[in-house]
Amino acid sequence: MNQPKKYTVTAALPYANGPLHLGHLAGAYLPSDIYVRYLRQNNKDVAFICGSDEHGAAITLRAKKDGVSPQEIVDRYHKINKKAFEDFGIDFSIYHRTSAPDHHKMAQEFFTFLNEKEAFITQTTEQYYDEENNQFLADRYIIGECPKCQNPNAYGDQCENCGSALSPLELINPKSTISGNKPILKETSHWFLPMERHEEWLTSWMQEGKIHGKQLHNPKEWKNQVTGQVMSWINAGLKPRAMTRDLDWGVKVPVENGEGKVLYVWLDAPIGYISATKKWADENGKNWEDYWKVNPETGEADTKLVHFIGKDNIVFHAIIFPILLKERSDFVLPDNVPANEF
């Protein structure tokens, strides 16, 4: 492994649907800030990236609850959280927003590239539908009993009691969070990431730090809870995961038959790290690709990419986003994903 010339350090993008709390700061933002301060004191070239995650069902749920538009919600909490980070002295290179036009453009270009490369598959499946409100229910519009810990208020994508990743169809006694009614099943088509195609290289990358025999990182530096959770997912068998949603708030799906659909927030949000880096680089006379891509002359990574997150985001940063980056072929993969309890 080469000595990195640059460091790209990301801190989890907080949802702009409520204020930060001390657990967030202790879990993801203070550790990343300390690490970046150490690098800067040693005169390293660092891009410290963060911003507001402003799409997804959690935003629209808060907007419905408050009786305002999603844009009003994200504008309010982006301002509040940005100031909170400043007041705590967290010194990001940039604090961007995923609702920004430049982010939408990059996310759509990223999706289109992967779609043309056939990195996705399209599937028609049955999804929950709220008849009273005439709309498909995204993951967070459904609650029900967790099949693993029996939490009665698990969401359709995750149980926040036991941390298990779920699909809406796994919930017991599901109901719509909009109407409170039991939803029906109705067919809809989406783009899926066939994660099972990637099990072999993910296993080698996670356990040995290698892909095709090439050493990319030192797996002994990774936290046991991160490698353990990733390998438990792989050993259970990865399955296709939808990369689009039936929603009207988010990055529009930019290809044929994408009407009425947006990019899944967990595809959209990590690309926010890249769009934020580009905005920062453009404003400071730098090349964003130097912080995200391998050196085209040597084929080696001159950048060390580190994601600071909370433990419930491990699967997205250590499985899904690495798959998307590797499908682009010229992007670097994470050197480490330090995940902490909130």
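**Exercise 1. Aromatic pairs**

How many aromatic pairs does the structure hold? Then classify the pairs Y129–F136 and Y273–F321.

*Solution.* The model is predicted. It holds 17 aromatic pairs.

Step 1. A pair of aromatic rings is described by the distance of the centres and the angle of the planes.

Step 2. Take Y129 and F136. Their ring centres lie 5.0 Å apart, with the planes at 75°. Planes over 60 degrees apart count as edge-to-face, so Y129 and F136 form an edge-to-face pair. Both residues are buried.

Step 3. Take Y273 and F321. The centre-to-centre value is 6.5 Å, and the planes are 55° apart. This pair is tilted. It links distant parts of the chain. Y273 sits in helix α7 (residues 265-283) and F321 in helix α8 (residues 314-328), 48 residues apart. Y273 and F321 are both buried.

**Exercise 2. Charges over rings**

Find which residues lie over the faces of Y129 and F110.

*Solution.* Step 1. Return to Y129. K186 lies over its face, at 4.0 Å from the ring centre. Y129 also pairs edge-to-face with F136.

Step 2. Turn to F110. R328 lies over the face of F110, at 4.8 Å from the ring centre.

**Exercise 3. Y29 and the core**

Place Y29 among the aromatic residues and in the nonpolar core.

*Solution.* Step 1. Y29 belongs to one aromatic cluster with F48, F85, F92 and Y95.

Step 2. The largest nonpolar core has 82 residues. Y29 is one of those that touch the most other members, along with V9, F92, I274, W292, L324 and L325.

Step 3. List contacts, setting aside neighbours within four places in sequence. Those of Y29 include A11, A12, L13, P14, L20 and H24. C50, F85, I90 and F92 are also in contact with Y29. Both F85 and F92 are members of the aromatic cluster too.

Step 4. Look beyond this core. Another core lies apart from it, with 13 residues, among them A57, C159, L166 and L171.

**Exercise 4. An open sheet**

Work out the strand order of the sheet that holds β6, and say why β7 and β8 each have one side without a neighbour.

*Solution.* Step 1. The sheet is open and has three strands, ordered β7-β6-β8. Pairing is antiparallel.

Step 2. β7 (154-155) and β8 (172-176) stand at the edges. Each has a single partner strand, so one side of each is left without a neighbour in the sheet.

Step 3. Check the β6–β7 pairing. Two bridges join β6 (residues 142-145) to β7. I143 has Y155 of β7 as its bridge partner.

Technical notes. Residues numbered from 1 in each chain as written. Predicted model: local features only at pLDDT ≥ 70, side-chain atom pairs only at ≥ 80, totals over all residues. Heavy atoms only, no water. Pairing = 2+ DSSP bridges. Helix = DSSP H or I, 4+ residues; strand = E, 2+ residues; numbered from the N terminus. Core = buried A, V, L, I, M, F, W, Y, C linked by side-chain atoms within 4.5 Å. Buried < 20%, exposed > 50% of the residue type's maximum accessible area, 1.4 Å probe, protein only. Contact = heavy atoms within 4.5 Å. Phe/Tyr/Trp six-rings, centres within 6.5 Å; stacked < 30°, edge-to-face > 60°. Lys NZ or Arg CZ within 6 Å of the ring centre and 35° of its normal.
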